[in-house]
Structure formats: C-alpha cells, structure tokens
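Some notes for a colleague follow, centred on one strand and its neighbours. Please read them with the structure open.

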Amino acid sequence: KKKKKKKKKAFHSIMKVFALFVVFAVMAVLAIEVVSASSVTHVPLTRRDRRAELRREHMKLRGEEGKSTVIPLRGNESRLGEYYMDFWLGNPRQHFTAQVDTGSSDLAIPRVGCGSCGSHPDAYYNPSKSSMSQSVGCSNSQHLTCPVCNHTQCAYEIRYGDGSGFDADVTVDALTISGLRPVTQAFGAITSEENPGGGEFEPFPTDGIIGFAYQALSECKAPTPMDNLAASGQVADIFSMCMTNDGGSMALGGSGNWSHGEMQWTPIQKKLWYVVNVEGVSVGGESLGLGHFAYNGLSGAIVDSGTTFLITSQAVWSAMEAKMKSHCQTTNLVGTCGATSPLWNGRCIKMTDAQAAAYPDIEIQLSGSVTLTVPSALYLQKGLCGSPVYWAFAMAPAGTQGLLMGDTVMKGYEVVFDRVNSRIGFGSVLDSNNNIQCPDGNQAPPSSPTF
C-alpha cells in the first residue's frame, strides 16, 4: 500500500511513504529469492448500576441494540497486501471495488478518458451515465478545498515515494454501500496514473481506494464516506474490521460481534490518522526498554489497514532482533540464531510449522492498559515468498517513525474504530491455536443494493 507524500503533513507522510516503500522492496526481494438508523451510542457508567450500564454498552457495540451493516472484505496480506470492499456510484449505479484504508480519507477511482489507468475489474466511472454526477469547480458551494485548479475544475494530485501516483478531478455523486441508502459523496475521479514499476496503481482485483480516516486528512477536505453515512442517520459513527489470511468482514455502525473476551480500549490521540500512544514493546514478555520516541516518533503510532506489515523504527527493530537472539541460548530460532540471521535481513528461509511456532510473542502496550499480543503465526508467514515451504517476517524497519500497526497486527483482533468516543477497541479473534476466527468475505459475493 502506498501512502501520500503531502507538503502539509510532510514529516509523517514522508516517513509513512518510506516505510511502505521498504515493505514493497522487501516483498520484491522475497519474490526473487525464492474488511435504518442506528442507536449505537455511548452510555456513561453510573455508580448505582455499573453492571447494567456495561451490559447496555456491550449490547450496543455488538449490534444487539440498533443495527450495524456488515460488508464482506476480500483480499489478503500475503499476495495482494490489501483488503477491499464493494460499493456503487451514480444513478443508475456503477459497481466498483476499493482498498479499505484507515490511513487515508479520500475515495478515488479511475474515470473514463484515463488513458494510463490500466486494467481494473470494473468499467471506469462514467459521469455521463449518472443523473446525479456533478463536477466540482474551483469556486464551489460544497466548501471543498482545491489543491489544484485545472481551468475551472477542482482537482488534486498525489505522488508517492516510488514515483507512482495519480491526478484526479473532484466529483460529486451518489455513493451506495450494500444495505444502506445512498449518500452524496465527493471523490476523486482519476484522470491519469503513473507507475514507473509497471502495472496498475492498485492491483487488479481493486479499482481504487476508499479512506476511513478523518476528514482533516482529505486532499480536498471532503467529508469521508463514514462521515456522510453517520450524518445521514443510518449508522452510528463507529466501524469495525476483522481480517483473515484470506478475506474478512467490516461492520458499519458498531461491532460485528466477532471477538471473544473483553474489548480493550485505547484513546485516539489525534484525529487525522488513527493515532494511538505506544507505551512499550516486549518480546516474549521481556521489555525492549526503549523511550517514547522510539515507539511513537514525532507524530505518534498509527492503526492502519492500508499498511500491510508491522512497521517499526530502526531502534525498535534492532532491539527486537537483540531480544530474539537472547532466546537462542535456550531455543533454536531458525533464521535468527546464527551468524547471518537471514530473517532480519529481509530474506526467505525454509522452516517447518513447529520451527516457526517456536518464535516468541511480540507484545505492544498502548495507553489505557491495553496489550496487543502478536504471535509468530501473524508476524512470521508463509506465502510472502511465493512458496508454501518458505517463511519471512511480515514486519520491517523504517527510519525513526512511530509504529505503523498494519494488517499484521490487526488480523489478531476485531478492531473497533469508535469515533463517537474517540477510542479504538481491540477484541481477540484468535483461538487457542492462533487461528483467526472471522467471517471470510472471499466466500460472500457482493450483494446488490436494494434501493
């Protein structure tokens, strides 16, 4: 997943671009070497009947009061490096798919006339076929910002660290997500794409990208799809994701009722990306002992479905390697113990399931007494190398930035983005054998909207 390189948010965006460039560079080396109105609202606890209030809040988040809309997610971490959903634009509706990205805030898809947009599963967006399509002018009544003005057309452009990117005209049309009424949505109709490495801007199964972060991060400061759905009164301003090794599910308006045990909550520190505060990282229960900056950088750590791996600062990476090597006195960690440590150099190695399972858990401590356990079943994976017998880390280092907790971390949990109460919840979806227990969106074909 590539990230925007923006002047307004220069430091963090540049570091995120670099982090994800590292991820794809690592994956390239590996290939060579071998997710009606809702009443889901916050109910404050009271001293008089704390258990009753907790039960009520639990029921609301689970969708037992009110309604949450469940959307199948397709895709995977090892092959596509992303998860995507179905939606429709226009009237009559035109079908599209887009990567679900909690690390950005814009919806963008190719439009007709784009000669460099490559091959995608659906026909390009055609504004002339929709009775509700509107071009947005540089002076517009929608209160949108225009980073670029092409004559009178409001537009924006995005360029990434690897030289790829796109230009898009800001357009308004009806957005329909299955099970919900259409809402008016501003989005980027892509007019040109660049990808020096060849291929499409997004891998073939997807047409574009749909951002679920905050409006302040939008290129044109447009309300996001989640903003518009919540404003329409159809869902509460809460969504959750549950991703498997091959597919997953997403709930709009509350929790999807996929986790087991108690939900852990950590405050959202900043409403741009989903920024959280990392208090510490441990390996096998032993703290790395690093300071705040090593874990959070200048801009904080981020929970980001659009980042494939767990990305750490170089300081955290080196400390994890050293802590893992300290286990070599009692356990032979294949790929770590020894002179070369190929896994820590971005290489694939042959190993058995039992040898992979010998690796210790990584624990990430967040504000709010939250501990996220990342077992080796999540951070050490087959399939990244194109062979079922070769393994590689689903994590990588990148400079001095804060942790990017991407799919590698998120797959162990149902992650609830409670924007009403400015917090993120993590509920485990792993069974005793570290198998992910989530609905598989790849098995559920997209259902046509009924409106």
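1. How many of the residues of strand S11 (residues 238-244) are buried? The model is a predicted one, and in it seven of the seven residues of S11 are buried, so the strand counts as mostly covered.

2. The cover applies to both faces of S11. On one side lie Ile 238, Ser 240, Cys 242 and Thr 244, and on the other Phe 239, Met 241 and Met 243; all of these are buried, that is, under 20% relative accessible area. In a regular strand, side chains alternate between the two faces of the sheet.

3. S11 pairs with strand S12 (residues 247-252) in the antiparallel sense, over six bridges. Within this pairing, Ser 240 stands opposite Ala 251 of S12. Two residues lie between S11 and S12, and the two strands form a hairpin.

4. S11 is also joined to strand S27 (residues 413-418), by four bridges, and this pair too runs antiparallel. Here the bridge partner of Ile 238 is Asp 418 in S27. Ile 238 is one of the buried residues listed in point 2.

5. For the setting of S11, the chain holds 28 strands and eight helices. Of its 451 residues, 57% are buried.

6. A last point concerns the surface of the chain. The accessible surface is about 17300 Å², and carbon and sulfur atoms account for 52% of that area.

Note on methods:
Residues are numbered from 1 along each chain as its sequence is written. This is a predicted model: local features need pLDDT of at least 70, side-chain atom pairs count only at pLDDT 80 or more; totals for chains, interfaces and linings use all residues. Side-chain values use heavy atoms; hydrogens and water are left out. Buried means under 20% relative accessible area, exposed over 50%, partly exposed in between (1.4 Å probe, protein chains only). Two strands pair if DSSP finds at least two bridges between them. Accessible areas come from the Shrake-Rupley method with a 1.4 Å probe; for residues, only the protein chains shown count as cover.
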